[in-house]
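Work through these exercises with the model open beside you. Try each task before reading its solution.

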Amino acid sequence: MAADQDQDQKTEAPTPKRKREAMENGDVLQSRELGTALVIIVGAAWIALAGPMIMSSLQSMVTDGLSFGNADVADFDPGRVILRLLGAVALPVLILFALTLAAAVAAPAALGSLGFRSKAFAFKGNKLNPLTGVKRMFGLQGLIELVKSIAKVALLGGVGAWLIFSQTRNMVGLSSQEIGPALANVGHVFTITVLVMAGLLAVIALIDVPAQIFQRMRRLRMSKQDVKDEHKQTEGSPELKAALRSRQIQTARNSARKAISEATVVLTNPTHFAVALRYKPEIDAAPVVLAKGRGATAEAIRELAGEHEVPMLSYPQLTRALYYTSRPGQIIREDLYIAVATILAFVFNLDQALSSGQAQPEIEVPARMRFDASGLPEA
């Protein structure tokens with residue numbers, strides 16, 4: 001009852017992390033019906049296409065095995081004879097083996113389950129619990145597998161019996177035919193039967209694969225609390241994230257404090273980027289980038305600018321252009337001289353501009369110097 005209640009609470013789809021951990025532990029999507037169907041289909045196709053070659057090889061082996069001369073009697077070597085006889089059928093048998101092996105590997109590969117997982121081989125004490133085994137055998141999954149097996153045997157057995165009985169008249173008449181045509185007819189009936197059975201297995205596999213996907217997704221479902229716990233483990237708790245951000249801002253403040261104290265103006269994005277510029281005509285030939293940053297560093301630069309009463313102006317395009325084209329301690333690019341000079345002229349006369357109600361000037365950033373938040377040139 002408790003297990004059913006827990007299952008009822010698991011209403012959320014599994015997260016990518018949950019799926020990845022399940023695969024690492026050996027809980028992968030698998031369908032025995034798909035593997036069986038692929039192997040049988042490949043074998044049936046090989047029999048249908050290469051049947052004449054196989055029969056010719058068998059005929060050669062039998063003929064060679066029943067033919068012998070004086071040399072064979074005088075110098076009889078059983079090992080050499082066996083190798084010669086097996087060599088006649090080795091090629092078709094090896095090809096069939098290679099094809100069926102490839103089909104067996106293709107089944108888990110098609111389901112995305114191919115690979116070696118060491119955790120799947122780890123010792124699990126709960127598998128030694130007999131109650132767990134009994135529950136697995138007589139539980140819902142065991143009942144489903146039993147019904148599937150009975151239905152598969154009934155379907156394949158019924159179709160196979162119908163095919164055999166439909167060919168009864170032809171098979172009875174084989175006794176009046178020569179051995180060659182009779183064997184050809186038997187081979188034809190056998191090939192048709194195998195191909196039909198392979199087709200039925202393919203239909204069963206097409207039904208089983210979605211059923212296995214549904215069952216696995218149901219098995220991996222999570223409760224809302226599971227999703228919250230995983231999010232905390234992956235992203236960190238809000239308290240931890242806040243503490244980490246505070247530490248990042250403090251570190252950025254310590255490193256940028258001296259630079260901001262010398263800054264003439266701070267340009268912002270307004271929140272994601274910040275660039276501190278200095279221009280003192282007596283020592284600077286052109287405006288110099290003192291500090292720049294994004295995220296926590298940009299926030300620290302803005303806080304320090306407020307503490308040192310450094311003017312802050314919002315120019316998103318120009319701020320991104322300076323951020324992506326300049327380094328701290330470097331003179332700005334010539335392409336941005338006019339835009340920055342316009343802002344500096346406004347800052348140097350800031351008191352007069354504020355008293356007269358003058359708005360901050362509009363600037364034009366060259367098209368080739370326009371970047372988006374990721375640093376890619378804007379179209």
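**Exercise 1. Sort the side chains of strand E1 by direction, and say whether they are buried or exposed.**

Solution. This is a predicted model.
- Step 1: Take one side. Val265 and Leu267 point one way from E1.
- Step 2: Take the other. Val266 and Thr268 point the other way.
- Step 3: Check burial. The cut-off is under 20% relative accessible area. All four side chains named here are buried.
- Step 4: Relate this to the general rule. In a regular strand, side chains alternate between the two faces of the sheet.

**Exercise 2. Find the strands that pair with E1 and give the sense of each pairing.**

Solution.
- Step 1: Start with E4. E1 covers residues 265–268 and runs parallel to E4, with three bridges joining them. Thr268 stands opposite Ser314 in E4.
- Step 2: Turn to E2. Here the pairing is antiparallel, over four bridges. Leu267 stands opposite Val275 in E2.
- Step 3: Look at the connection. Four residues lie between E1 and E2, and the two strands form a hairpin.

**Exercise 3. Write down the strand order of the sheet and pick out the edge strands.**

Solution.
- Step 1: Lay out the order. It reads E4-E1-E2-E3-E5, in an open sheet of five strands. The pairing is mixed.
- Step 2: Go to the ends. The edge strands are E4 (312–314) and E5 (330–331), and each pairs on one side only.
- Step 3: Add the helix. H13 (residues 316–325) packs on the sheet. H13 touches E1, E2 (273–278), E3 (288–294), E4 and E5. The direction of H13 makes about 75° with that of E2.

**Exercise 4. Why is H13 described as largely enclosed?**

Solution.
- Step 1: Count. Seven of the 10 residues of H13 are buried, so the helix is largely enclosed by the rest of the structure.
- Step 2: Name them. They are Leu318, Thr319, Arg320, Ala321, Leu322, Tyr323 and Thr325.
- Step 3: Find their partners. These buried residues pack against E1, E2, E3, E5 and H14.
- Step 4: Follow one residue. Beyond its neighbours within four places in sequence, Leu318 contacts Leu267, Leu336, Ala339, Val340, Ile343, Ile363 and Val365.

**Exercise 5. Trace the largest nonpolar core: which residues touch the most other members, and which element gives the most?**

Solution.
- Step 1: Find the best-connected members. The core has 23 residues, and Leu267, Leu277, Leu313, Leu318, Leu322 and Leu336 touch the most other members.
- Step 2: Assign elements. E1, E2, H13 and H14 (337–348) each supply at least two residues.
- Step 3: Name the main contributor. H14 gives the most, with six residues.
- Step 4: Keep the other core apart. A second, separate core has 14 residues, including Ala259, Ile260, Ala274 and Val310.

**Exercise 6. Locate Ser326 and decide whether it is buried or exposed.**

Solution.
- Step 1: Place it. Ser326 sits in the loop between H13 and E5.
- Step 2: Apply the cut-off. Buried means under 20% relative accessible area. Ser326 has 1% relative accessibility, so it counts as buried.
- Step 3: List its contacts. Leaving out residues up to four places away in sequence, Ser326 touches Val289, Lys292, Ile332 and Arg333.

**Exercise 7. Put the sheet in the context of the whole protein: how many helices and strands are there?**

Solution.
- Step 1: Count elements. The protein has 15 helices and five strands.
- Step 2: Check burial overall. Of its 379 residues, 29% count as buried.
- Step 3: Read the surface. The protein exposes about 24,400 Å², and carbon and sulfur atoms supply 63% of it.

Note on methods:
Residues numbered from 1 in each chain as written. Predicted model: local features only at pLDDT ≥ 70, side-chain atom pairs only at ≥ 80, totals over all residues. Heavy atoms only, no water. Pairing = 2+ DSSP bridges. Contact = heavy atoms within 4.5 Å. Axes fitted to C-alpha atoms, helices over the stretch in contact; angles between N-to-C directions. Buried < 20%, exposed > 50% of the residue type's maximum accessible area, 1.4 Å probe, protein only. Areas by Shrake-Rupley, 256 points an atom, 1.4 Å probe, with all protein chains shown as cover. Core = buried A, V, L, I, M, F, W, Y, C linked by side-chain atoms within 4.5 Å.
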